[in-house]
Number of protein chains: 2
Amino acid sequence: MTNPTNFSPSCPVPLDKVQKWDIETDVAVVGFGAAGASSALEAARGGARVMLFEVAAGNGGASALSGGEIYMGGSGGTPIQRAFGFEDSTEDMYQYLLMSTGPNADAAKVRLYADNSLEHFHWLTAQGVQYKTSYIAERCIEPLTDDCLIWSGSEEAWPFVERAKPAPRGHCPKFVGMGGGRHVMDALASRVVEAGVDVRYNARALALVADHNREVHGLIARIDGEIRFVRARRGVVLCAGGFIMNREMLKRHAPNFLRPLYPIGTVDDGSGIRLGMSVGGSTINMSECFVTTPWYPPGSLVKGIFVNGRGQRFINEDGYHGRVSNYALQQGGDRIWLLQDQATYSASPMQTGARIEIGAAGDTWEEVERELKLPDGSLVNTVSVYNHHAAQGTDPLFHKAAKWLKPLNEPPFVALDCRIDYCYYATFTLGGLDTLPTGEVKDEDGAIIPGLFAAGRTACGLPRYGAGYSSGTSLGDATFFGRQAGKRLASTLK
Amino acid sequence: MTNPTNFSPSCPVPLDKVQKWDIETDVAVVGFGAAGASSALEAARGGARVMLFEVAAGNGGASALSGGEIYMGGSGGTPIQRAFGFEDSTEDMYQYLLMSTGPNADAAKVRLYADNSLEHFHWLTAQGVQYKTSYIAERCIEPLTDDCLIWSGSEEAWPFVERAKPAPRGHCPKFVGMGGGRHVMDALASRVVEAGVDVRYNARALALVADHNREVHGLIARIDGEIRFVRARRGVVLCAGGFIMNREMLKRHAPNFLRPLYPIGTVDDGSGIRLGMSVGGSTINMSECFVTTPWYPPGSLVKGIFVNGRGQRFINEDGYHGRVSNYALQQGGDRIWLLQDQATYSASPMQTGARIEIGAAGDTWEEVERELKLPDGSLVNTVSVYNHHAAQGTDPLFHKAAKWLKPLNEPPFVALDCRIDYCYYATFTLGGLDTLPTGEVKDEDGAIIPGLFAAGRTACGLPRYGAGYSSGTSLGDATFFGRQAGKRLASTLK
C-alpha cells in the first residue's frame, strides 16, 4: 500500500497507513478547469486554505477548449437578455432545464441553478469574464465574432416550447473566434492566484486517504514525480473532468459513444470518478454523452429533413444541433442524411470542416433515393408525407415549428451525408458521481461520504441527458456548482 | 457503527470494529435463488463450510418465478437438441451470444459459457432438473405443457443469422404450465440441503465487513430479528438479485424502465449491488433492462408489422419478443401497434392476459390510419412500402426473413394496441457488479476486491443488453456463473 507503484484511484489508502503528512491544507481541489477554479475561489474567499492539484503543466482542461459559453437567464433576464427584449422568467428557465435534462433530472440542482443564475452572471463578470451587449438571432454553434447572446438549446422546439416560454440563454464571452473558454479560464485562473490558492501543476492525484468510516482526509499526489501525502482537513473536491479519453471506461459504460471519432477533452481519464467510487461514491448516467456535428448554420438548413439509413425521419429538425445528433446516433447503423432542396440548401465553412458532404443529388427524390441505394419508395414516401403536411404549415409527425416548414419540392435535391463514422461528431461524457447541490458526494443509499465533494464532469450535474443537451450547461454547471462546493467547504470553518 | 439502526448496505463496517464473530464459516452466500444455490452447492462440494442467508422465509427469489428455461447448446448439441437434429456448434453459440449481448459483451464469459454449456446441462440433470425429450417448433413464450426445447432468442433473425447458424437453445424443465422455475429451484434447493449447507431464512445482509485494504471478511446479518456478525473466512458471494423493486435506484439508473408497469422480481431491492459498491465494486450496464410483452404466439402474427406512434416500422418482427419489445420502448411515446390482416391475425389467451386489444380496424389501411388518428399518409405509406417489397419476398428496410413476408392486403385490417402504459410489459434489471468469469468482483480499474464474489442479477453477467436478450440466459448465467464462484472459493481451500 505504501509502494507508490501500487496506488490506484479505485483503491483508497487507509488513514492509519499514513505515517506523516507532507502537506496540510483545509481544502484540496483536484483539477484546474472551470469547476476546480470556481470551487477553489469560493473556498479561499470563505477563509479556507486551499491547494489546487492539476495533472497538466497548465490550467484549463476541457473548459479552456470549449467555446466558453455559459447557460444563464431567469430573474427577468440577464443584462444582455434584457437589452434585446428577453424578459426571461426563472420559472421558464427552471421548466426548460427540468424537461431537457431527462427522465432523472435533478430538480433540486435545477431549482438552485435557475434561482441563482442572474447572481452567477454578475459573479462571472466580477471575476473578469467579459460579455459584449450583443445578440445573434441566426442559428450558430458558437460565434466566430466576439458577440454574446445566442440560442444554444431547444427552447423554441417541440416539446420544450409547450412547457416553457423560450429565451436565448447562451452567453458567449467577448472573445473573437471559437474557443472562448480560454478567456473564461484566464479570468478565473487570475482570480485563483490572487485569492492565494496554492496551485501545484504536474500534480496527479493517485488515491484518496480515508478512515474506517470512509471519511476522506486527504489524498496521495505525485507532484513533479514525488509522492506526497496531502492532508485536507475540510475536504477534497474532485474536479478532474469526465472519462471520454479512457477508452476502457467508455467501452464498459457508454459503448455507443466509441463510434464518434472526435472525443472532446484533455486528460479526462475518469480518474476523478474512480477516486470517488473508491470510497463508495455512486455514479449515475454513465451511458449518457453529449454528441454533435455542426450541421447548421445556416439556419435555412433547418427547413430540410433528417433521415436515417432506412429513409425514415426521426426528430423535429428545429432542435439544438446536439439533440438532433444524439438522435442520429440512436438510429442504428452509421448512415444519416440531411435532405435539402434548391431553396433551402446552402453550404457553410463549418460543414466543410465537419466533412459533411453531398451524398447524392437529383432532379427528383426518386433519383436521390436510387443514388443512396435506399429501397424503392422508402425515401420518396417519407418526403411525400412531409411535403404534403408542410404545404399546409404543419408537421404532425414531429412537430417542427411552422416557420421552418416548406415542402422540399424545388429541384435539384440533395442529401447531405452526415455519416457517424466519417463526419466530425464531437463527444464527451455526462455521467459521473452523484452529488447534492452542495457538491457533497452521495453513496448509493443517498448518504454523504464525509469530506468528499465533486463538481464539473466528474459529477453528474445538470447536463446529464444527451438528447436534451443545451450548449453552455456544462460550463454553467461546472462554474456554478463548483462554487457551491467551495462555499459549503468554507462554511465548515465557521 | 455498532448501532444496528445505522447499518447500510452502502457502507461497510471496518473489520477492527468487530468485537467478536457470532458465526464463522468459510463461505457466506447472500440470497437463495438459482445463483446462490449453485454457488453454495459447488463450494460445499469442494469442501468449504457454507452458509446461505436468505432474506425471505423461503427459497427461490425471482428464479422460482421464472419459466425455468435455461439457454444451453454447443458441443454438437445437448441430448434434446440432437434428438431433433440440431447439431449445435460451440462456435455458433459463442458468436450468437457475443453479438446478442451487446456492444460491451464480455467475451471471456461468453467463451466459458459456450464451451461448457453441455457440461452444465448434464450438471443440471444430475441435480434433478428434468427435461422431456421434446421440441416445440412454433413460437412461444414458454410452454404451457411440460415440453422442453424452444426457440427462445433471435437466432433465426437478422442480423444474428448472418453470423451464426441458428439452433433452438431454450431448455424448459419438465413441468406442466408456466412457472417451471419452481421445479428448477426445488431440485437445486434439495441438493443444497443434502450438501450440508447451513441455510438461514429471515436473514438480511445489512453490511459487509472489510479491512483497511477493502478485503471482505464477512457480513453483518439480521437473522430472525437479531444482529449477527458473520465471519466468512474465504469470501462472501452476493446473489441477492437485481434492483427492479427499488424504484429510487431505478429512477436514478434506468428511468426509462419506470414506464413498464410490471416489474418481475421478489425482493430485488438492489441491496446486493449496493453491498458490492460499498467496498469499491464497479457497476456496469445499470441502464439496461429486459422488457417484454407476449405479443406472440401465434407465430402467424410475426407476419404483421410493428409501428410506433408516428406510423413508422422500427424492427424486423421475426426477432425474439423481448428484442422487439425493447425497441418498442425506445420509440418515444407510449403508442405501439402491431398491424395484421385477415390472413395473419389470430388471438391467443396470452395476448388477452397481456391486455393487447384491437386498437383499430378497417377495410382499408386509410381507415385504420384515420381511426388511430395518425397523420394522412403516415401509416398508409409504411404499409405500402412494406407490401411492395413483401410481394417480392424481400424486406430491404429491416430484413425480416422471407418465410414471414406476406403483403398485408387482405381486409379487414387490424391494429393491435400494444401501448407501453397499458399492456403487460414485464421488466427486470440487467446491470450490476462487474465480475470476472470466476465471480470475483472488480473495481473500476479492473482490480479484484479480495473476498468478494457476485453472481445472478447482482452481477452484470451474460444478459446485459435488453435489445439482444434471449430467454434462458438469466437463469443460465445465474446457475453457470454461480457455480464458477463456488468452485473458485472451494479452490482457495487447497
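1. Six salt bridges cross the interface of chain A and chain B by the rule applied. The model is predicted. One of the pairs joins A:Glu444 to B:Arg252. Their closest N and O atoms are 2.8 Å apart. The cut-off is 4 Å from a Lys or Arg side-chain nitrogen to an Asp or Glu carboxyl oxygen, so this pair qualifies.

2. Polar contacts come next. Between chain A and chain B, 26 residue pairs are in polar contact, with both residues at pLDDT 80 or more. On the side of chain A that touches chain B, four elements each supply at least two residues. They are α8 (247–253), α9 (271–278), β12 (283–284) and α13 (378–390). Which of the elements gives the largest share of that side? It is α13(A), with six residues.

3. Now the make-up of that side. By class, the side of chain A that touches chain B holds 18 polar residues, 14 nonpolar and 13 charged.

4. How much area do chain A and chain B bury between them? The figure is about 3900 Å². Carbon and sulfur atoms account for 51% of it. Three residues stand out on chain A: A:His212, A:Arg252 and A:Glu444. Together they supply 18% of the area that chain A buries against chain B, more than any other three residues. A:Glu444 is also the salt-bridge partner of B:Arg252.

5. The contact takes 45 residues from chain A and 45 residues from chain B. What operation lays chain A on chain B? A turn of 180° does so, with a shift of 0.0 Å along the axis and an RMSD of 0.0 Å. That is the relation of a two-fold axis. The same surface serves both copies, as 100% of the contact residues of chain A recur in chain B.

6. A separate point concerns a sheet in chain B. This sheet is open, has three strands and runs in the order β4-β6-β5. Its pairing is antiparallel. Why do β4 (70–71) and β5 (149–150) of chain B each have a side without a neighbour in the sheet? Both stand at the edges with a single partner strand, so one side of each is left free of a neighbour there.

7. One pairing in that sheet can be followed by residue. In chain B, β5 and β6 (residues 170–171) pair in the antiparallel sense over two bridges. B:Ile150 has B:Gly170 of β6(B) as its bridge partner.

Key: Residues numbered from 1 in each chain as written. Chains lettered and ligands numbered in written order. Predicted model: local features only at pLDDT ≥ 70, side-chain atom pairs only at ≥ 80, totals over all residues. Heavy atoms only, no water. Contact = heavy atoms within 4.5 Å. Buried area = accessible area lost by both parts, 1.4 Å probe. Polar contact = N/O pair within 3.5 Å; in protein donor to acceptor, adjacent residues only side chain to side chain. Nonpolar A, V, L, I, M, F, W, Y, C, P; charged D, E, K, R; others polar. Pairing = 2+ DSSP bridges. Least-squares fit on C-alpha atoms with pLDDT ≥ 70 in both.
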